[in-house]
Amino acid sequence: IFGAALVAPLGQAIAAGADPGMGPRNAVFSDPQRALLDALCERIIPTTDTPGARDAGVTDYIEMIVDEYYEPVDRETFFADLAAVDKRASEAHGTSFSQLTSERQDAIIAASERQQLDGVSASFFTTLKQLTVTGYYTSEIGMTVEQVYLPVPGRYDGAYPYAKVGKRFTF
């Protein structure tokens with residue numbers, strides 16, 4: 001994620017030393033928006049043999065970023081993008097995005113990635129992926145369950161067999 005240009009508010013949060021475990025100070029998402037965002041983030045990092053984005057509290061992280069680091073115009077664009085995704089789900093399938101099957105959710109996400117959803121900004125899904133990945137891998141679950149966390153790493157062994165680890169080390 002850090003090899004690509006960061007979403008400006010995310011870069012500001014990182015520069016400010018925002019605590020990834022923090023939740024929002026103010027609730028800026030309605031319950032339907034929260035359910036929609038939970039579903040979107042869970043499709044980006046789903047629950048498998050490890051917890052997914054929902055379990056890691058990624059929506060709380062995104063709400064904190066949107067509340068504290070988004071300019072008002074960017075916040076409104078984000079909300080409009082969420083509304084457009086849910087509108088597409090309702091028009092195409094008669095229900096909200098969060099109530100759709102995984103396959104139908106993935107089809108809407110793919111259309112968003114291809115910039116084929118009316119009313120969704122070109123950067124929406126890229127931004128959402130960056131926020132989700134950052135929120136997940138800075139969470140306790142992302143750091144300790146998904147990866148091997150070594151607060152005090154041992155000796156360096158450049159030839160250590162990856163098969164013995166099965167996960168990426170984080171220090």
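Tyr 137 counts as partly exposed in this predicted model, because its relative accessibility is 25%. Its partner Tyr 136 has a relative accessibility of 0% and therefore counts as buried. The ring centres of Tyr 136 and Tyr 137 lie 4.9 Å apart with their planes at 85°, so the two rings form an edge-to-face pair. An angle over 60 degrees is what places a pair in this class.

The structure holds 5 aromatic pairs. Another of them joins Tyr 70 and Phe 78: the centres are 5.8 Å apart and the planes stand at 75°, so this pair is also edge-to-face. Both Tyr 70 and Phe 78 are buried. These two residues belong to one aromatic cluster, together with Phe 29, Phe 79 and Phe 124.

Tyr 70 also leads to a charged residue. Its backbone oxygen lies 3.3 Å from a polar atom of the side chain of Arg 75. Arg 75 is found in helix H4, which covers residues 72–93. Although buried, Arg 75 has no salt bridge. Which side chain of opposite charge is nearest to Arg 75? It is Asp 67, at 4.7 Å, whereas a salt bridge requires a distance within 4 Å. Leaving aside residues up to four places away in sequence, Arg 75 touches Val 66, Asp 67 and Tyr 70.

Elsewhere, oppositely charged side chains do meet, and the count comes to 5 salt bridges. In one of them, the closest N and O atoms of Arg 34 and Asp 60 are 3.1 Å apart. Arg 34 lies in helix H2 (residues 31–44) and Asp 60 in helix H3 (residues 58–69), so this salt bridge ties together parts that are 26 residues apart in sequence. Arg 34 is partly exposed, at a relative accessible area of 22%, and Asp 60 is partly exposed at 33%. Both residues are linked with Glu 63 in a network of salt bridges.

Helix H2 takes part in a further link. Arg 43 in this helix and Asp 106 in helix H5 (residues 102–113) connect distant parts of the chain, 63 residues apart. Their side chains meet in a salt bridge of 2.8 Å from N to O. Arg 43 is partly exposed at 25%, and Asp 106 is partly exposed at 33%.

From helix H5, the path continues to helix H6. Glu 113 and Lys 129 form a salt bridge whose closest N and O atoms are 3.1 Å apart. Glu 113 belongs to helix H5 and Lys 129 to helix H6 (residues 124–137), so the pair joins parts 16 residues apart in sequence. Glu 113 counts as partly exposed at 43% relative accessibility.

Note on methods:
Residues are numbered from 1 along each chain as its sequence is written. This is a predicted model: local features need pLDDT of at least 70, side-chain atom pairs count only at pLDDT 80 or more; totals for chains, interfaces and linings use all residues. Side-chain values use heavy atoms; hydrogens and water are left out. Rings of Phe, Tyr and Trp (its six-membered ring) pair if their centres lie within 6.5 Å; planes under 30 degrees apart count as stacked, over 60 as edge-to-face and the rest as tilted. Buried means under 20% relative accessible area, exposed over 50%, partly exposed in between (1.4 Å probe, protein chains only). Helices (H or I, at least four residues) and strands (E, at least two) are DSSP runs, numbered from the N terminus. Lys and Arg count as positive and Asp and Glu as negative; His and the chain ends are not counted. A polar contact is a pair of N or O atoms within 3.5 Å; within protein, one must be able to donate a hydrogen and the other to accept it, and residues adjacent in sequence count only if both atoms are side-chain atoms. Contact means heavy atoms within 4.5 Å.
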